[in-house]
Amino acid sequence: LVVGMACSHLKNASNIGYIIPSQVLEQFISCIETHEDLRVTSCYLGVSSLGIGRVQTLESPALCRRLGLPEGCHSGVRLCSVFPLGSSAGLMQEDDVLLEIDGTEISQDATVPLRDNERIHFGHLIAKHVAGRDSVKVKLWRESESLEVDVALRPDRWLVPRIDGYDAAAEYAIIGGLVFIPLSHPWAELKSHDKHWSSSRALIHHYWG
């Protein structure tokens with residue numbers, strides 16, 4: 001019996017949807033359930049993240065040579081940025097090559113094995129862990145040397161809140177004829193289409209960490 005299905009979709013797109021993975025739902029349920037022996041409820045912090053920006057695939061032999069990777073290496077992705085207050089701050093840096101996570105090799109196209117002949121983005125190895133509790137062992141390549149670091153996982157923190165409440169009335173204050181409202185992602189996205197607020201779109205892509 002299927003009671004319901006948790007999913008998400010792309011705005012302004014047709015017939016494109018994504019089912020939320022069962023592992024993510026199980027994480028959420030395990031974090032919010034009340035433990036009878038302790039009579040406390042764990043806090044769900046969000047989806048785990050390494051705190052890194054976009055990565056660059058390494059199918060280019062020239063790029064591999066520039067990064068000092070050994071001849072015949074066919075794994076890893078280049079880190080383009082590391083968030084200054086993210087999980088990997090002080091542990092990873094720009095131009096590091098991410099080779100493995102918990103012993104699982106990352107292919108040059110940023111995928112890892114899932115099942116049989118299927119592959120999935122390496123972010124799956126991070127998202128399946130509980131933020132604020134779990135950590136992962138990451139193997140890197142930096143300046144022609146291999147090293148391993150342990151990263152305690154936390155969710156990303158956005159400079160602009162991604163939501164501004166559910167079933168909530170809009171908050172605002174009127175002072176001297178001016179209307180002030182809290183800055184949020186939906187508002188910035190709405191105003192980004194206005195030529196007088198074109199800079200608002202840049203705000204929604206900034207991270208605290």
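In the predicted model, Tyr172 occupies the loop that runs between strand 12 (145-152) and strand 13 (173-175). Its relative accessibility of 57% places Tyr172 in the exposed class, because that class begins over 50%. Together with Ile174, Val179 and Ile181, Tyr172 forms a nonpolar patch on the surface, and these residues jointly present about 440 Å² of accessible area.

The protein chain as a whole comprises 209 residues, of which 28% count as buried. Its secondary structure consists of 5 helices and 14 strands. Among contacts with a separation of 6 or more, 52% involve residues 24 or more positions apart. The exposed surface of the protein chain amounts to about 14,300 Å², with 54% supplied by carbon and sulfur atoms. Confidence averages a pLDDT of 81, and 77% of the residues score at least 70. The lowest confidence in the protein chain falls in strand 3 (residues 34-35), with a mean of 52, whereas the highest is found in strand 7 (residues 97-101), at 96.

Ser48 is located in the loop between strand 4 (40-41) and strand 5 (55-56). With a relative accessible area of 6%, Ser48 is buried, since it falls under the 20% limit. The side chain of Ser48 engages the backbone at two positions: one of its polar atoms lies 2.8 Å from the backbone oxygen of His129, and the side chain reaches the backbone nitrogen of Ala131 at 3.0 Å. Beyond neighbours within four places in sequence, the contacts of Ser48 comprise Ile126, Ala127, His129, Val130, Ala131, Leu153 and Arg154.

Lys137 belongs to strand 11 (residues 135-142) and is partly exposed, at a relative accessible area of 39%. Asp150 lies 13 residues away from Lys137 in sequence, yet the C-alpha atoms of the two are 4.6 Å apart. Their side chains are joined by a polar contact of 3.1 Å. When residues up to four places away in sequence are set aside, Lys137 touches Glu100, Ile101, Asp102, Glu148, Val149 and Asp150.

Side chains of opposite charge can pair when their charged atoms come close. The structure holds 7 salt bridges. One of these joins Glu94 and Arg78, with an N to O distance of 3.7 Å. This pair links distant parts of the chain, with Arg78 in strand 6 and Glu94 in the loop between strand 6 (77-79) and strand 7, 16 residues apart. Glu94 is partly exposed, at 49% relative accessible area, whereas Arg78 is buried, at 13%. The side chain of Arg78 also meets that of Asp95 in a salt bridge of 2.6 Å, N to O. Because Arg78 lies in strand 6 and Asp95 in the loop between strand 6 and strand 7, this second pair ties together parts 17 residues apart in sequence. Asp95 counts as partly exposed, with a relative accessibility of 26%. Arg66, Arg78, Glu94 and Asp95 are linked in a network of salt bridges.

A further salt bridge connects the side chains of Arg142 and Asp96 at 2.7 Å, N to O. Arg142 lies in strand 11 and Asp96 in the loop between strand 6 and strand 7, so the pair ties together parts that are 46 residues apart in sequence. Asp96 is buried, with a relative accessible area of 1%.

Notes
Residues numbered from 1 in each chain as written. Predicted model: local features only at pLDDT ≥ 70, side-chain atom pairs only at ≥ 80, totals over all residues. Heavy atoms only, no water. Helix = DSSP H or I, 4+ residues; strand = E, 2+ residues; numbered from the N terminus. Buried < 20%, exposed > 50% of the residue type's maximum accessible area, 1.4 Å probe, protein only. Contact = heavy atoms within 4.5 Å. Areas by Shrake-Rupley, 256 points an atom, 1.4 Å probe, with all protein chains shown as cover. pLDDT = per-residue confidence, 0-100. Patch = residues over 30% accessible without salt bridge, like charges linked within 9 Å, V, L, I, M, F, W, Y side chains within 5 Å. Salt bridge = Lys/Arg side-chain N within 4 Å of Asp/Glu carboxyl O. Polar contact = N/O pair within 3.5 Å; in protein donor to acceptor, adjacent residues only side chain to side chain.
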